[in-house]
Every structure is written in structure tokens, then in C-alpha cells.
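Here are my notes on the model you asked me to look over. Keep the structure open beside you and click on each residue as you read.

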Amino acid sequence: MALTTEQRNDFQSLKDSFQNGTTFTKSDFQNAIGSGWSLVSFNTYFSKQFKRLLIESSSNQFRVSEVFRKYN
């Protein structure tokens, strides 16, 4: 199954954050990745899928972890 343009853009956002080491809030992440999702859907995906790729670096600040490297 081919990736959609939105999926490619989401992947690129994660890749850029990983390469640059930038931090972001959960809200920033939702705006960048899950902007079209309901809050319930976003929170479900965040806790079950994305949280594995993210490290909480300080209170409410996240960065993309080294685990992402295998997808890069």
C-alpha cells in the first residue's frame, strides 16, 4: 500500500526533528502530525504508536529517539 502525501509529510517532520534534535510539546506534535484527528484518536495513537519513538526530555517536552533511526 502506497503512503499518502500526509503520511510522507508526517514522516518527514519526524525525520527532520530527529536529525535536528529539536524538542516539541505534545500540542506541537499534534498540530504537526495529527491535525486532522479527534483528540481521542490522537491520544490513542500518541500513547500506543508514537510514544515509542519519542523521549520526554523535560516537562512536556519531547524529542525523537534513536529508535527512529531504524525507520530512517
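Leaving aside neighbours within four places in sequence, which residues is serine 65 in contact with? Have a go at finding them on screen before you read point 1.

1. Serine 65. One thing to keep in mind from the start: this is a predicted model. Serine 65 sits in the segment after E2, and its contacts beyond four places in sequence are Phe18, Arg52, Leu53, Leu54 and Ile55. Is serine 65 buried or exposed? With a relative accessible area of 5%, serine 65 counts as buried, because the cut-off for that label is under 20%.

2. The hairpin. Strand E1 covers residues 54-58, and 4 bridges tie it to E2 in an antiparallel arrangement. Strand E2 itself covers residues 61-64. To see the pairing for yourself, look for leucine 54, which stands opposite valine 64 in E2. Then look for glutamate 56, whose bridge partner in E2 is phenylalanine 62. Together E1 and E2 make a hairpin, with 2 residues between them.

3. The turn. Asparagine 60 is in the loop between E1 and E2. What is unusual about backbones with a positive phi? Most residues other than glycine have a negative phi. Asparagine 60 has a phi near 65°, a positive value in a residue other than glycine. As for cover, asparagine 60 is partly exposed, at 40% relative accessible area. Just along in strand E1 you will find serine 58, which is also labelled partly exposed, at 37% relative accessibility.

4. Two faces of E2. Which residues of strand E2 are on its covered face, and which are on the uncovered one? Phe62 and Val64 make up the covered face, while Gln61 and Arg63 are on the uncovered face.

5. The core. In soluble globular proteins, nonpolar side chains tend to be buried together. Here, the largest nonpolar core has 13 residues. Phe29, Phe46, Leu54 and Val64 have the most contacts inside this core. Four elements give two or more residues to the core: helix H1 (5-20), helix H2 (26-33), helix H3 (39-48) and E2. Zoom in on valine 64 and, beyond four places in sequence, you will see it touching Leu14, Ser17, Phe18, Phe24, Leu53 and Leu54.

6. Serine 17. This residue belongs to helix H1. Serine 17 has a relative accessible area of 15%, so it falls under the 20% cut-off and counts as buried. Skipping neighbours within four places in sequence, serine 17 is in contact with Thr22, Phe24 and Val64. Serine 17 and serine 65 are 48 residues apart in sequence, yet their C-alpha atoms are 9.7 Å apart in space.

7. Two more distances to try. Asparagine 20 is also in helix H1, and here the label is exposed, because its relative accessible area of 59% is over 50%. How many ångströms separate the C-alpha atoms of asparagine 20 and glutamine 7? The separation is 20 Å, for two residues that are 13 residues apart along the chain. For the second distance, take serine 58 and threonine 4: they are 54 residues apart in sequence and 32 Å apart in space, C-alpha to C-alpha.

8. A nonpolar patch on the surface. Phe11, Val67 and Tyr71 make a nonpolar surface patch of about 270 Å². Tyrosine 71 is in the segment after E2. With a relative accessible area of 47%, tyrosine 71 counts as partly exposed.

9. The salt bridge. Side chains of opposite charge can pair when their charged atoms come close. How many salt bridges does the structure hold? There is 1. Arginine 69 forms a salt bridge with glutamate 66, and their closest N and O atoms are 2.9 Å apart.

Definitions and conventions:
Residues numbered from 1 in each chain as written. Predicted model: local features only at pLDDT ≥ 70, side-chain atom pairs only at ≥ 80, totals over all residues. Heavy atoms only, no water. Buried < 20%, exposed > 50% of the residue type's maximum accessible area, 1.4 Å probe, protein only. Pairing = 2+ DSSP bridges. Core = buried A, V, L, I, M, F, W, Y, C linked by side-chain atoms within 4.5 Å. Contact = heavy atoms within 4.5 Å. Patch = residues over 30% accessible without salt bridge, like charges linked within 9 Å, V, L, I, M, F, W, Y side chains within 5 Å. Areas by Shrake-Rupley, 256 points an atom, 1.4 Å probe, with all protein chains shown as cover. Salt bridge = Lys/Arg side-chain N within 4 Å of Asp/Glu carboxyl O.
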